Amino acid sequence: MADFDDDWREEEPVAVQAPPVHSYEFRSNTFRGRFRGNRGRNSGNWREHGGQHSNKRRDDSRFEENNTSVITVSSAKVGRIIGKGGSKIRDLEFESTAKIKIGESDGQETQITLSGTNEAISRASDMINDLVKEEYGRSRQSTNQETDKFSQSNDDRKRFMTTNADGVEVIDWDKLNAFHDQHQNERWSQLPPIVKEFYIEDPEVAAMSPTDVKKWRRANHDIQVKRTFDDKPGLRPIPNPVLTFEQAFQHYPEILEEIRKQDFEQPSPIQSQAWPILLRGDDMIGIAQTGTGKTLAFLLPALIHIDGQPIPREEREGPTVLILAPTRELALQIEKEVSKYQYKGIKSVCLYGGGDRREQIKIVTKGVDIVIATPGRLNDLVMARHLNIINFSYIVLDEADRMLDMGFEPQIRKSLFDVRPDRQTVMTSATWPTGVRRLAESYMKDPIQVNVGSLDLAAVHTVSQKIMFVEEDDKEAVLFDFLFNMEPNDKVIVFCGKKAMATHIYTELCLKGIECQALHGDRDQSDREAALEDMVVGNVNILIATDVASRGIDIKDLTHVVNLDFPRHIEEYVHRIGRTGRAGKTGIALSFVSRNDWAHARELINILEEANQEVPEELEKMAERFEAMKLKREREGGGRGRGSRGRRDRW
Ligand code: AMP
């Protein structure tokens with residue numbers, strides 16, 4: 001089971017724990033320092049201390065002048081100085097240019113040895129004092145004033161305690177929550193207002209009659225547009241679609257110029273509907289798969305939003321746009337798309353686990369406008385205070401259903417907790433399950449929903465879906481036979497259920513002298529990127545993958561998808577086959593189905609029928625056998641314990 005779960009889930013940041021205090025050194029990496037603001041404002045923070053050192057890479061010369069000084073801090077606060085995985089101490093070392101060594105603890109206090117130049121030691125000492133003082137106001141050198149503050153904060157704490165029926169002092173959560181809400185509201189109320197209205201409707205668009213609009217929607221993948229929740233009185237009517245790029249962006253000629261460079265003929269259906277909605281500042285949910293042009297649908301309004309805010313970009317505290325994506329691959333793909341459009345010098349950064357954290361911090365610290373991130377890495381950098389998120393005023397949750405499938409809900413909630421509530425929020429999702437609806441209810445304000453294709457599993461209609469019945473033991477031979485007989489221009493992804501299987505097939509092909517690449521969760525990030533790039537540029541024509549590649553991956557000229565192992569969930573089948581038949585081309589999906597897959601037969605039939613594909617008789621029989629088995633089990637009062645899969649005896 002665990003092996004099957006080959007996603008690229010990122011670890012939730014682990015709570016910092018102070019190790020039992022032995023000698024603790026971090027020398028390997030260096031990071032740029034703490035982030036308080038953005039751009040100029042932010043740079044004041046660390047450059048003020050160590051500007052002349054800021055670009056200096058760590059090398060031995062940093063510790064040349066080996067003066068030492070010992071400071072003492074409360075042992076309970078040492079974890080703060082070390083940070084997650086040693087990240088904070090590395091930051092401190094990099095910023096101060098001093099070497100910091102955590103020493104022995106007497107149970108109450110811990111000695112920290114600082115070495116380097118006098119200047120560096122003094123910087124490190126200040127920074128550590130700052131860190132320790134921040135909440136507790138109690139370093140060794142604490143002043144009376146600080147002690148007063150501490151006592152006061154003790155009094156504060158008392159304010160939130162209450163005595164329960166048993167006479168025990170407990171936290172008064174209602175009071176604490178109310179206090180927190182008030183505090184948040186005060187912080188948010190001090191932020192500059194957000195400008196969201198950037199849309200001037202073209203007269204031709206305004207002149208479309210309701211019948212014209214209906215006709216257009218029907219002709220464009222039967223696109224459906226509605227208010228997701230109650231259509232309250234006072235809400236504006238849903239805007240008409242734009243039919244040309246000019247109708248959307250005539251007032252933004254530089255955007256139009258960028259689109260022209262891409263040689264697109266016309267807006268995709270989701271773009272036609274999304275641009276008027278987003279440009280006028282409404283929240284939007286796009287139910288659409290990758291390949292529909294959804295990225296550009298939310299990206300171009302984001303660029304205009306960034307430029308249109310009243311506070312100049314250099315003076316803003318923190319970036320303006322956040323795009324959250326479930327996987328590194330999708331995040332990188334969005335970044336690639338973002339980088340194609342140059343507008344007013346807007347800068348972006350892609351933050352993902354497995355990427356160069358130090359480099360990511362460096363870019364964030366210099367100042368960016370768009371943050372594209374996976375939830376794990378975003379939280380990591382926010383918690384380490386490299387990223388200030390209070391000013392995000394345009395947020396995109398891309399592939400929300402997948403983020404929830406991957407268990408990111410707590411991290412999404414954590415990420416959005418601090419973000420100003422008057423922001424504009426966009427969500428995309430391939431499906432509309434309860435979890436996604438709940439997320440929309442919590443974080444969106446009167447969203448307009450645009451559904452491209454059917455809400456259910458909209459099987460890709462440009463893919464010819466073939467089913468091949470094979471015994472488990474014969475799969476490999478049939479696959480090799482298929483691969484040996486590929487045409488020179490064929491490009492294929494082979495999906496395996498397990499990482500081990502993917503590695504095995506990859507190795508076998510290499511041994512047979514067939515060039516290919518492998519993409520699965522056991523490969524490190526740079527290998528995965530190289531594998532994908534090799535496929536995209538055509539260095540290889542065969543990619544052996546697990547479901548990590550089933551969504552979001554865009555290889556334009558992919559001709560075939562082979563499901564060596566049938567996926568565990570039928571949704572995954574749709575995502576896998578959707579890798580081909582893209583950008584107006586057709587594709588072929590070949591699925592090996594063995595007796596182990598009989599539980600999926602009925603769902604597969606539904607998809608084949610929906611897409612007007614031939615349904616093999618054998619598949620019908622399989623579905624009937626499975627249903628009969630289930631019925632029999634139910635009658636016998638069984639059906640528990642044994643999974644429905646793998647009952648070979650009933651085949
Ligand atoms: P997405 O659905 O965002 O993954 O987009 C899939 C691909 O469609 C990307 O390579 C885009 O560059 C491309 N694309 C976006 N908009 C259009 C358009 N209006 N016409 C043709 N291709 C587009």
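## The three-stranded sheet

In this predicted model, three strands make up an open sheet in which the order is S1-S3-S2 and the pairing is antiparallel. Its edges are formed by strand S1 (67-74) and by S2, each of which pairs on one side only. On average, and with direction ignored, neighbouring strands of this sheet are turned by 25° against each other.

Within this sheet, strand S2 (residues 99-105) and strand S3 (residues 109-116) run antiparallel and are joined by five bridges, with Ile102 standing opposite Ile112 of S3. S2 and S3 form a hairpin with three residues between them, and Gly107, which lies in the turn, has a positive phi of about 95°.

## The eight-stranded sheet

A second open sheet contains eight strands, arranged in the order S6-S13-S7-S12-S11-S8-S10-S9, and here the pairing is mixed. Strand S6 (224-227) and strand S9 (348-351) are the edge strands, each pairing on one side only, and the twist from one strand to the next averages 15°.

One parallel pair in this sheet is that of strand S8 (residues 321-324) and strand S11 (residues 394-397), which are joined by four bridges; Ile323 has Val396 in S11 as its bridge partner. Helix H13 (residues 328-339) packs on the sheet, where it touches S8, S9 and strand S10 (370-373), and the direction of H13 makes about 170° with that of S9. As background, the strands of a sheet pair through backbone hydrogen bonds, either parallel or antiparallel.

## The annotated segment

For residues 244-272, UniProt gives the feature "domain: DEAD-box RNA helicase Q", which comes from an unreviewed entry. The UniProt record also lists residues 244-272 as "short sequence motif: Q motif", again from an unreviewed entry. In the model, the span 244-272 is 62% helix and 0% strand, and its end C-alpha atoms lie 8 Å apart.

## The ligand and its surroundings

Which residues come nearest to the ligand? Of the 17 residues around the ligand, the nearest are Gln271, Gly291, Gly293, Thr295 and Glu337. Helix H12 (residues 294-307) gives the most to the shell around the ligand, contributing three residues.

Several pairs of polar atoms link protein and ligand, and they involve both backbone and side-chain atoms of the protein. A backbone N or O atom of Gln266 lies 2.9 Å from a nitrogen atom of the ligand, while a backbone N or O atom of Lys294 lies 3.3 Å from a ligand oxygen atom. In the case of Lys556, a polar side-chain atom lies 3.2 Å from an oxygen atom of the ligand. Taken alone, the ligand exposes 490 Å², of which the protein buries 83%.

Definitions and conventions: Residues are numbered from 1 along each chain as its sequence is written. This is a predicted model: local features need pLDDT of at least 70, side-chain atom pairs count only at pLDDT 80 or more; totals for chains, interfaces and linings use all residues. Side-chain values use heavy atoms; hydrogens and water are left out. Two strands pair if DSSP finds at least two bridges between them. Helices (H or I, at least four residues) and strands (E, at least two) are DSSP runs, numbered from the N terminus. Axes are lines fitted to C-alpha atoms, for helices over the stretch in contact, and angles run from 0 to 180 degrees between N-to-C directions. Contact means heavy atoms within 4.5 Å. UniProt positions are given in the numbering used here, feature names are shortened, and annotations may be inferred rather than shown by experiment. A residue is near a molecule or strand if one of its heavy atoms lies within 4 Å of it. A polar contact is a pair of N or O atoms within 3.5 Å; within protein, one must be able to donate a hydrogen and the other to accept it, and residues adjacent in sequence count only if both atoms are side-chain atoms. Accessible areas come from the Shrake-Rupley method with a 1.4 Å probe; for residues, only the protein chains shown count as cover.
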